[in-house]
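Hello,

Here is the structure I said I would pass on. My notes follow it.

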Amino acid sequence: MGRGGRSRSGAGASRATPATLRDPDRHFTIVTTASLPWMTGTSVNPLLRAAYMANRGDECGVTLLVPWLAPCDQKLVHPNAMFQTPEEQQQYIRSWLAGRVDFDPKFEIHFYPGRYAIDKGSIVPVGDITDYVPDNEADVAVLEEPEHLTWFHHGKRWTHKFQHVVGIIHTNYLEYARREKDGDKKEVLLRGVNAFVARAHCHKIIKLSDAVQDFARSVTVNVHGVSPHFIEVGRKIAAAAKDNTESEEKVGSTFGKGKVGYFIGKVVWAKGYLELLERVKEYNATAASKDKLIMDVFGDGDDFKAVKDSAARQQLALTFHGRADHAGDVIRGYKFFINPSLSDVVATTTAEALAMGKFVVCARHPSNEFFSTFKNCLTYSNPDEFAECVREVLHGEPEPISPGDLHRLTWQAATERFLDAAEPDPPEQNIVRKVRSLLGDWVSAKFHNMLTASEAVRCLVGGGAGTLLRPGTGLANWRPDIWSGGIMDRK
């Protein structure tokens, strides 16, 4: 159910390992934990990665493997866009993509069965999803959120099925666990589980930033880019600013919203909203009248009413507008974007705002290290520094983004960074360390596979009933039971 993909005869575990991931006969299977129309980072970024990988012009094969949800779960995740078959959803995905890229990407889209875990707010794979990859395409696996994909995995080791397995860490799950009841205990346990499963199933880990925990065989590189829509807006803003500078008749700011800032993101407390309310409250408590911070907030989510009500009770200068397209006309007039979140690994919205030539104010935090190298990014580590940043963006103008900085934000540049970072490490020359590493990986995998073989254990820890084996029917006819959580789920 795809188009343009190429089968790689002999690409599985029996083929000789090519010298580099840039060899033209490689096949990449990009596996992720979410899919459109759910507008979340793990549906959008892997889709764009697949498109730009397939468009490199080196004749590599690319397949995107995404979860299919039964109707009962679609109603919870994307009730306004329901699909009867995977083919219908694939058509929706390709239509959305066609509006975001300026080329016709040639890659396959395949589906695996998933369940929406209500108490996790995320999708759990059902059965051994390596079975959904033909052996002759099992060359390079890119696991977007490898820990999430393998928490409850039972079956083949990914590293046995594929020549090379690269995991990309998207989400700071430890930060989410820390905010829950008994968060300290959950964090310690989850840290161990994440390291355990990633080691068992990945040859290499790419951390988007050092905001996440340590993993074996890991490197830290931001391998995400932004959609061409945002890049084009940035070019136009830079050109307009240049024309204004050179003109004898100055027309003022390129941005029409003046001293009103904005924040955009899924409205759940853990996504930066707690910090947003705190920063606005403490800043406006001491700011001069001419420097008061007024912000518009865009997004929807489970905590929308709670966040909005809390802001109203505290009489904060925040106006909530609901969901909006970050590249839409509504957002373009804003001069500055404030993102105080401490739970992000790398915030896509921050990259998009920078690409559009805006000021960005964000915390001095590992998740923002990449962005802090851009001239229009202002960082703070305490309330006084936050106040300085706000005053600067209220009264100043962002510099037109340079062509070099704009290129760094593109998916073309991100794809090259990914290929560099994902390359296999040189073979271990020390025989003792090599044997110890292989033995550790083997023990981790065997123990994990033994635990996940038990339906009782899976249910107890939140894997869900009926997720051990793949559905016995086609995905379009699959009708699973109601989801039930476990002791590790949100309380």
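Thr349 is a convenient place to start, in helix H12, which runs over residues 348–355. Please keep in mind that this is a predicted model. Beyond its neighbours within four places in sequence, Thr349 is in contact with Ile264, His326, Phe337 and Asn339. One of these, Phe337, is 12 residues from Thr349 in sequence, and the two C-alpha atoms are 9.0 Å apart.

Next, the packing. The largest nonpolar core comprises 121 residues. Within that core, the residues with the most contacts are Phe107, Tyr262, Leu293, Leu318, Leu409 and Phe418. Helix H1 (residues 41–54) is the biggest contributor to this core, supplying eight residues. Another core lies apart from it and has 10 residues, including Phe152, Ala177, Val197 and Trp483. As general background, nonpolar side chains in soluble globular proteins tend to be buried together.

Phe418, named above for its contacts in the largest core, is also one of the buried residues of helix H15. H15 covers residues 411–422, 12 residues in total. From first C-alpha to last, H15 reaches 16 Å, close to the 16 Å expected at 1.5 Å a residue. The helix is mostly covered, with nine of its 12 residues buried. Those are Trp411, Ala413, Ala414, Thr415, Arg417, Phe418, Leu419, Ala421 and Ala422. Arg417 and Thr415 are thus on the buried list along with the alanines.

Now the backbone. Most residues other than glycine have a negative phi, and most peptide bonds are trans. Three places depart from that pattern and may be worth a look on your side.

- The peptide bond between Leu36 and Pro37 is cis, with omega near 15°. Pro37 sits in the loop that links strand E1 (27–31) to H1, the helix that gives the most to the largest core.
- Asp182 has a positive phi, near 55°, and is not a glycine. Its loop lies between helix H6 (173–178) and helix H7 (183–201). With a relative accessible area of 48%, Asp182 counts as partly exposed.
- Arg217, also not a glycine, has a positive phi of about 55°. This residue is in the loop between strand E7 (204–207) and strand E8 (218–220). Arg217 is partly exposed as well, at a relative accessible area of 27%.

Regards

How values were computed
Residues are numbered from 1 along each chain as its sequence is written. This is a predicted model: local features need pLDDT of at least 70, side-chain atom pairs count only at pLDDT 80 or more; totals for chains, interfaces and linings use all residues. Side-chain values use heavy atoms; hydrogens and water are left out. A nonpolar core is a set of buried Ala, Val, Leu, Ile, Met, Phe, Trp, Tyr and Cys residues joined through side-chain atoms within 4.5 Å. Buried means under 20% relative accessible area, exposed over 50%, partly exposed in between (1.4 Å probe, protein chains only). Helices (H or I, at least four residues) and strands (E, at least two) are DSSP runs, numbered from the N terminus. Contact means heavy atoms within 4.5 Å. The expected span of a helix is 1.5 Å times one less than its number of residues.
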